4 protein chains.
Amino acid sequence: MKKIGVLTSGGDAPGMNAAVRAVVRKGIFHGLEVAGIFNGYQGLIDGRIESLDLGDVGDIIQRGGTKLHSARCPEFITPEGQQKGIEQMKKHGLEGLVVIGGDGSYRGAMALSKHGFPCVGVPGTIDNDIPGTDFTIGFDTALNTIIEAIDKIRDTATSHERTFIIEVMGRDAGDLALWAGLAGGAETILIPEEKYNIKDMLVRLDKGKARGKKHSIIIVAEGVMSGGELAKLIGAETGIDTRVSVLGHIQRGGTPTGRDRVLASLFGARAVEVLKEGAGGRAIGMKNNQVVDYDMTEAFNSSHKTDLSLFTLSKELSI
Amino acid sequence: MKKIGVLTSGGDAPGMNAAVRAVVRKGIFHGLEVAGIFNGYQGLIDGRIESLDLGDVGDIIQRGGTKLHSARCPEFITPEGQQKGIEQMKKHGLEGLVVIGGDGSYRGAMALSKHGFPCVGVPGTIDNDIPGTDFTIGFDTALNTIIEAIDKIRDTATSHERTFIIEVMGRDAGDLALWAGLAGGAETILIPEEKYNIKDMLVRLDKGKARGKKHSIIIVAEGVMSGGELAKLIGAETGIDTRVSVLGHIQRGGTPTGRDRVLASLFGARAVEVLKEGAGGRAIGMKNNQVVDYDMTEAFNSSHKTDLSLFTLSKELSI
Amino acid sequence: MKKIGVLTSGGDAPGMNAAVRAVVRKGIFHGLEVAGIFNGYQGLIDGRIESLDLGDVGDIIQRGGTKLHSARCPEFITPEGQQKGIEQMKKHGLEGLVVIGGDGSYRGAMALSKHGFPCVGVPGTIDNDIPGTDFTIGFDTALNTIIEAIDKIRDTATSHERTFIIEVMGRDAGDLALWAGLAGGAETILIPEEKYNIKDMLVRLDKGKARGKKHSIIIVAEGVMSGGELAKLIGAETGIDTRVSVLGHIQRGGTPTGRDRVLASLFGARAVEVLKEGAGGRAIGMKNNQVVDYDMTEAFNSSHKTDLSLFTLSKELSI
Amino acid sequence: MKKIGVLTSGGDAPGMNAAVRAVVRKGIFHGLEVAGIFNGYQGLIDGRIESLDLGDVGDIIQRGGTKLHSARCPEFITPEGQQKGIEQMKKHGLEGLVVIGGDGSYRGAMALSKHGFPCVGVPGTIDNDIPGTDFTIGFDTALNTIIEAIDKIRDTATSHERTFIIEVMGRDAGDLALWAGLAGGAETILIPEEKYNIKDMLVRLDKGKARGKKHSIIIVAEGVMSGGELAKLIGAETGIDTRVSVLGHIQRGGTPTGRDRVLASLFGARAVEVLKEGAGGRAIGMKNNQVVDYDMTEAFNSSHKTDLSLFTLSKELSI
């Protein structure tokens, strides 16, 4: 193997740049040439492929977003689109590809691997919802972004003795809501993995008030319902006038945390090693605090397990 | 004068605690006793008045929100409510009051002053919309909170080559939108003080694209319209699929910046000096980089002037 | 068991407050009374013991430092000092103790346990140097504090095309230097676990320059040598005028990160469970991404293993 | 005038990039061509001059440091060096120059202006020590960096009930120490403009302790003495074991604050306007909250006035 490519795909996540840097430098360290593919699978089809040197990935480890950009590409779901991609890579002399992204990105990588073009997947998504890895790149940064927001909102919630609802990302996975809720000292957390009980929630609000609590913070993952819907529900049941804050896209950006940069560096480097050995269809992950690689199909056939002990703990600690 | 009070009222703003600290310590420095009134004018009516010592305001200069809490108080708009407040203050031996807050808070302070109870107003609101002062406590912190959010969103906007709309606070005053838009490098800023021109906005978007710009950020003050409405408008005119981020309540919280702490310290201290001289109905401000005090009626009879030269500059620099 | 105590000891670490909160609330959740012991072992001897209620640990999860304060206590190394502590605890009805701190704090806890008073240790130290746990409370926050500093210094290093030496904490353990160096993109990292080679370091500097690198950042753990000494060494060998930054005590403070808050919550809660079962002489830790408890003697008899694969990786990625 | 240049010189300051962006874009807005001169006056002599387009200064408004880099240049103090610079500029078709920097940078600009080549100075230095302007670019960011450090150190100071000395930048001007000390709630501030009185300082320490204060923070500007020297002095007088933190180079870096970005944008834009009118030897500043331009000799012949009322206030508020 002489030359490999790297692309980022799907929603961007802080730390993607650190992963790209690791792929490029580890590749060059092993004597490979490394090319960046710009704009995800769309750029692959369009042949937006450029060789990257050591210096090209300098001064990016600390940057949010992705220098390689990202884009949706419906065409790449088709075998024709995939073939175009392979042709482009062959034209540029690539013999392997590292794909940094989430679920959808992995499907593209799997398809290419099945066509005989070896791809390795690196989990980059703030949602932490890739099966087979305990953590994904970007989750830690997003967690801290949410916590900073909670800390800010708590200032105003306390000052005005109000109940706030904070809507965070997480369509299918409650990890962000759960970790942030526990770390932010939220009184109530609503996640897709657990049926919410509006009565129970209100009992908790009352209890808090009874012991002199001046404010209350409720975290809701977007996958359960929107913050606005929840506010209506609570209003209808209790007449309580809650305030809603939808954190939105700030959760995707920002300078990556130390942990996300280290994770991204480890993952990117391992991806190159796996690819160098000729393996395709592998995914990189962190399992029990060890960097691992595993069959990418596992990422589709199993499902991500949110640590629900945190849910129980959060309830016990916010009484 | 032997004893004075201090309260915070209206929406909380970062730096209010630093102002409270300054009032208490400057008062004690001058041999006065200082009492904190909790929960704004409502707490005044209810007699939630407690003497504050040097140590009671220790370790709060860096805290967001307000230790004295705040609350709405419709009753205080009535002369009866105001009389109740005066009685409570007399009961606790208070001879003067410092009110930290915005527009509405000043009206209460003015009413009390007219009833013969000397009050001094300190401008505490993130909106920067109090006539007679160039800056209010909390504006600088909110500005930086917005900018951090813009910086984060720019990461993801660039990565995905998208147009983002960011809705910020400012019902009547465009200061936050304007300063943040200029400092955040936004392509377009919509403020209540300037008629927006949707055509002009779209021309700017096109120009940017023509010269290779990958993303675009539009800042809209809530007083113009909501981010969602603007997205619909742009969508209807152009078919462009913009993303909306409503920053909401995070803008009110957070550790105050250095400048807000200094401003709050200067304002709180000056308020005590003015009160000590027996004057009521005065407001504190920063005018041409000097701390000033002025007749509080000026805050009602004139109107805040947003520096529109920043609007022009922003347009010139984001071509 | 009806009543337990909690103290923090040794150097403070961000997240200690979150751990105290978890101990108190988990204890109360299980029907226990919980007392805080102020000023570490010294306060224990002096009987500075106060019952803590749910509200007493409200609004502290996000605060750096420790609400229970900490102090050195040479007297507690003696059996007499330890007996005084036990008497105080018996006087206050305590039947178990959670000790949050580092190495030295564990020794005190072990001694008490051997005297028949059950203690459980929770690892709280930014150095990450407690054997038996992969991570300690405070490490993640300190890591991010260092990285922010590196990011700032890189700005000025790049602008002036200079070589900077950054001295970080870590007398015996290189974890902070290593993680921060990798995450900060440092060209060279000096840790106590690896013999440094000044020649090799200079070769790397030269290589970087040869490929157009404008600046260079060297991270040195204080346990290797001081930043000043290293600057002299480099100056003597090469004549290069490096700049030194000693990060110092800012590394101990600050709002804890999400991860440190979650870790602290998990650890504090587990400590209560272990204590409730009557066990003493146990230490809490995170091992392979699982919360564990283990014989505290392991913390003395084995030694912390820094993950040296990060060292190798860092070298490969900063070529 | 058809083409102008811009350079940054001296110590870098956050916001310099925003100023460069403003010069380039305002220049282009007015139909001028704008060239960046890399590496300060040294780069001017060496002819490191490149035309900058709108996009070349995109995505830099939020970056610390200076994209144009900076360097010392002893040769430029000589008339020969200056002539070389003028020749280079003429060769590249430049007819005017904006110099962003401090004191020393202004001297170079003045010399060029006297040789008939019009230069305008923009104050960029964290020290806030340029006569004729109330604020310099970078001061606000450095202020906030210091305050964050103080907040962190206060956590550990309180936890351990210790006295900390924090050494900040400021050789001749005490602005940073003064503003940061006031905003950080420091008990004592030592600045070059005020004779310190070690006895008075100790009395304050004692007073604080007497009223139950657990910790104390002393800010010292490097121009008074080093933190280490002060610690020795206090130790010798009192036996108190203080801790020292030298903030060092982190003060120069970091993402610029909102205010620094706005200031830089205003200054850069005004510099272009002044230059366009053909004027040389002018300096840009903020005076009484208005952007002004003034004869650059004023920056040499008068001296910067630190607002010493803040010093008095700080003493009154930290009793």
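Among contacts in chain A between residues at least 6 apart in sequence, what share joins residues at least 24 apart? In this predicted model, the share is 74%.

**View 1. Chain A as a whole.** Let's start with the overall build: chain A holds eleven helices and eleven strands. Its C-alpha atoms fill a box of roughly 70 × 35 × 35 Å along the principal axes. The radius of gyration of chain A is 21 Å, which agrees with the value near 20 Å for a compact globule of 319 residues.

**View 2. Inside and surface of chain A.** Of the 319 residues in chain A, 65% are buried. The chain exposes about 10,700 Å², and carbon and sulfur atoms supply 47% of that area. As for charge, chain A carries 37 positive and 40 negative charges, and their mean positions lie 2 Å apart.

**View 3. Phe139(A) meets Trp179(A).** Aromatic pairs number 16 over all chains. One of them joins Phe139(A) and Trp179(A) edge-to-face, with 5.5 Å centre to centre and 90° between the planes. This pair links distant parts of the chain: Phe139(A) belongs to helix H5 (residues 139-160) and Trp179(A) to helix H6 (residues 175-184), 40 residues apart. Both Phe139(A) and Trp179(A) are buried. Together with Phe135(A), they form one aromatic cluster.

**View 4. A stacked pair in chain D.** Here Phe135(D) and Phe139(D) are stacked, at 6.2 Å centre to centre and 25° between the planes. Phe135(D) counts as buried because its relative accessibility is 10%, under the 20% cut-off. Phe139(D) has 0% relative accessibility, so Phe139(D) counts as buried too.

Notes. Residues are numbered from 1 along each chain as its sequence is written. Chains are lettered from A and ligands numbered from 1 in the order in which they are written. This is a predicted model: local features need pLDDT of at least 70, side-chain atom pairs count only at pLDDT 80 or more; totals for chains, interfaces and linings use all residues. Side-chain values use heavy atoms; hydrogens and water are left out. Helices (H or I, at least four residues) and strands (E, at least two) are DSSP runs, numbered from the N terminus. The radius of gyration is taken over C-alpha atoms; the globule rule is 2.2 Å times the number of residues to the power 0.38. Buried means under 20% relative accessible area, exposed over 50%, partly exposed in between (1.4 Å probe, protein chains only). Contact means heavy atoms within 4.5 Å. Accessible areas come from the Shrake-Rupley method with a 1.4 Å probe; for residues, only the protein chains shown count as cover. Lys and Arg count as positive and Asp and Glu as negative; His and the chain ends are not counted. The place of a charge is taken as NZ of Lys, CZ of Arg, CG of Asp or CD of Glu. Rings of Phe, Tyr and Trp (its six-membered ring) pair if their centres lie within 6.5 Å; planes under 30 degrees apart count as stacked, over 60 as edge-to-face and the rest as tilted.
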